[in-house]
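User: Please take a close look at one part of this model, the hairpin and what surrounds it in the chain. Then set it against the rest of the fold.

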Amino acid sequence: MATKSGVFNIFPQFKKFVETRFQKPIKTLYSDNGGEFIALKSYFSHHGITHYTTAPYTPQQNGASECRHRHIVETGVTLLQDANLDFSYWPYAFQTTSYLINRQPTPFLQHKSPFEALFDQTPSYLKLKKFGCICYPLTRPYNSNKMQPKSRACIFLGYSSTQNAYKCFDPYLQKFFISRHVLFDETQYHCTSSQILSKPVSSASHQVTPLHFGFPQIAVPPPLVSTTPASSLSPEDSPAIVASSPGNFNTPASSLNLDQHPPLHPTELHSPTSPFPHSTGSNPIPPVNTPHRTRTMTTRSMNQIFKPKQLHIVTKHPLPQTLEPTCVSQAITQLHWREAMSNELTALMKHGTWDLMPLPPNCAPMGCKWIFRVKRNADGSVNRFKARLVAKGFHQRPGVDYTETFSPVVKPATIRAVLSIAVMRGWELRQMDVNNAFLNGALTETVFME
């Protein structure tokens, strides 16, 4: 909230959240005699909430809240000093402090964290990073053209409260990047905003003239200077890219409401009239002239022109025409394909690939399919007949049945590095073929295949 008067609208939302999330009603509220709480007396009496207040000028009676405030402030200031950041970053330091305190074990809860005591779930500490360190988020989704870099050096300013992602702030562009794919360098810190402001910036350096690629010229504004008092700072930010500086928190409270204003789309940050919205400076930003495309691209496929695919095989041995079966009914009639299918099933049963069980109710299993291939030697002779039983993974829907995909293949750079080391050291190289290979991955969900 931007001001204390925001309690009048925030507390009813907090009450609904607590009652819906934990099925527990709020019975008593203990606070000081602040006007933001006194204004809620009619709301408390209407919902049967007892309101207790401290005696005038006796904050020690509400010692639990005061100690919690002091714990957050002291820890947040420590994060700022350790990261060598200005005090204008205090909302993000305090949000990160609350995130860390809620996941820190405490002896008051039998060495459990508040997160674990509240949700009965052990928090994950794998994503914890050093506050204020240099990070490199993937900025490719937010670029306007392919000539822009894939990543930029940013400052790590905490964790997103609505997404499984990190908050990365670019002090030069005065933008936030909310990204999950981030590389961290926890041994180095970014230069502070005061150091950026102390650098002499000439008027000629504001204009960045790109090479002759046909891209418009983009003006880089100077860093922003904060003149807003600390009392009007707001720690709220949008889950999408927020094009605002940590020193400019004089934003109206209405613009911070995520329900009224949807998150910005990445393309909105590069509008033709203002490449860096919400930015102010001494030098005006010239408008960007977007080049107009006068000719559209026409491909062969658009004109229904298709060339037949040609297979060019360079070998001195002629390859015989061997028809590979396309279904089980064709393969089962030949002895060598039956042996290949038997070897595949034996390997699957030996490794315990599946557990045979009846199909549970309300379950949509995946199908399976046999794949038949003929493996040949260098001279064209048949090496072996290969049969594989695969699951029809294309029946699964992204976002419903799975969220991530993996391609466990070796990189060509790794092969070249191994071959180079072997040649330099005179090692002997041998090639082997694995008959059956299984990925040793841990599945968090149960997959049914019929």
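Analyst: What follows starts at the hairpin and works outward.

This is a predicted model, in which local features need pLDDT of at least 70, side-chain atom pairs count only at pLDDT 80 or more, and totals for chains, interfaces and linings use all residues. Residues are numbered from 1 along each chain as its sequence is written, and side-chain values use heavy atoms, with hydrogens and water left out.

First, the hairpin. Its strands are S10 (368–376) and S11 (residues 382–391). Helices (H or I, at least four residues) and strands (E, at least two) are DSSP runs, numbered from the N terminus. S10 and S11 run antiparallel and pair over nine bridges; two strands pair if DSSP finds at least two bridges between them. Five residues separate the two strands of the hairpin. One turn residue, Gly380, has a positive phi of about 95 degrees. Two pairings can be named. Lys375 has Arg384 of S11 as its bridge partner. Arg376 stands opposite Val382 in S11. In a regular strand, side chains alternate between the two faces of the sheet.

S10 also reaches outside the hairpin. Arg373 makes a salt bridge with Glu324, with 3.6 Å between the closest N and O atoms. The cut-off for a salt bridge is a side-chain nitrogen of Lys or Arg within 4 Å of a carboxyl oxygen of Asp or Glu. Arg373 lies in strand S10, and Glu324 in the loop between strand S9 (218–219) and helix H8 (328–331), so the pair ties together parts that are 49 residues apart in sequence. Arg373 is partly exposed at 43% relative accessible area, and Glu324 is partly exposed at 30%. The classes are buried (under 20% relative accessible area), exposed (over 50%) and partly exposed (in between), with a 1.4 Å probe and protein chains only.

Next, the loop that leads into S10. It runs between helix H9 (335–350) and strand S10, and Trp354 lies in it. Trp354 counts as partly exposed because its relative accessibility is 34%. With Leu345, Met349, Leu356 and Met449, Trp354 makes a nonpolar surface patch of about 540 Å². Patches take residues with over 30% relative accessible area and no salt bridge; like charges are joined within 9 Å, nonpolar side chains (Val, Leu, Ile, Met, Phe, Trp, Tyr) within 5 Å. Areas come from the Shrake-Rupley method with a 1.4 Å probe, and for residues only the protein chains shown count as cover.

Asn362 lies in the loop between H9 and S10 as well. Asn362 has a positive phi of about 55 degrees and is not a glycine. Most residues other than glycine have a negative phi. Asn362 is exposed, with 86% relative accessible area. Gln174 also has a positive phi of about 55 degrees without being a glycine. Gln174 sits in the loop between strand S5 (166–170) and strand S6 (175–179). At 11% relative accessibility, Gln174 is buried.

Now the other charged pairs. The model has five salt bridges by this rule. One of them joins Lys15 and Glu19 at 2.8 Å, N to O. Both residues lie in helix H1 (residues 7–22), four residues apart, about one turn of the helix. Lys15 is buried at 9% relative accessibility, whereas Glu19 is partly exposed at 30%. Glu428 and Arg430 form another salt bridge, the closest N and O atoms being 3.2 Å apart. Glu428 and Arg430 are exposed.

Finally, the interior. The largest nonpolar core has 14 residues, and Leu80, Leu85, Tyr89, Phe131 and Leu157 have the most contacts inside it. A nonpolar core is a set of buried Ala, Val, Leu, Ile, Met, Phe, Trp, Tyr and Cys residues joined through side-chain atoms within 4.5 Å. Helix H4 (63–83), helix H5 (90–102) and strand S4 (154–159) each supply at least two residues of this core. H5 gives the most, four residues. Apart from this core lies another, of twelve residues, among them Cys135, Cys154, Tyr159 and Phe184.

The cysteines form zero disulfides, a disulfide being a pair of cysteine sulfur atoms within 2.5 Å. Cys168 is in no disulfide; its nearest cysteine sulfur, that of Cys135, is 3.4 Å away. Cys168 is buried, at 0% relative accessible area. Cys327 is partly exposed, at 29%.
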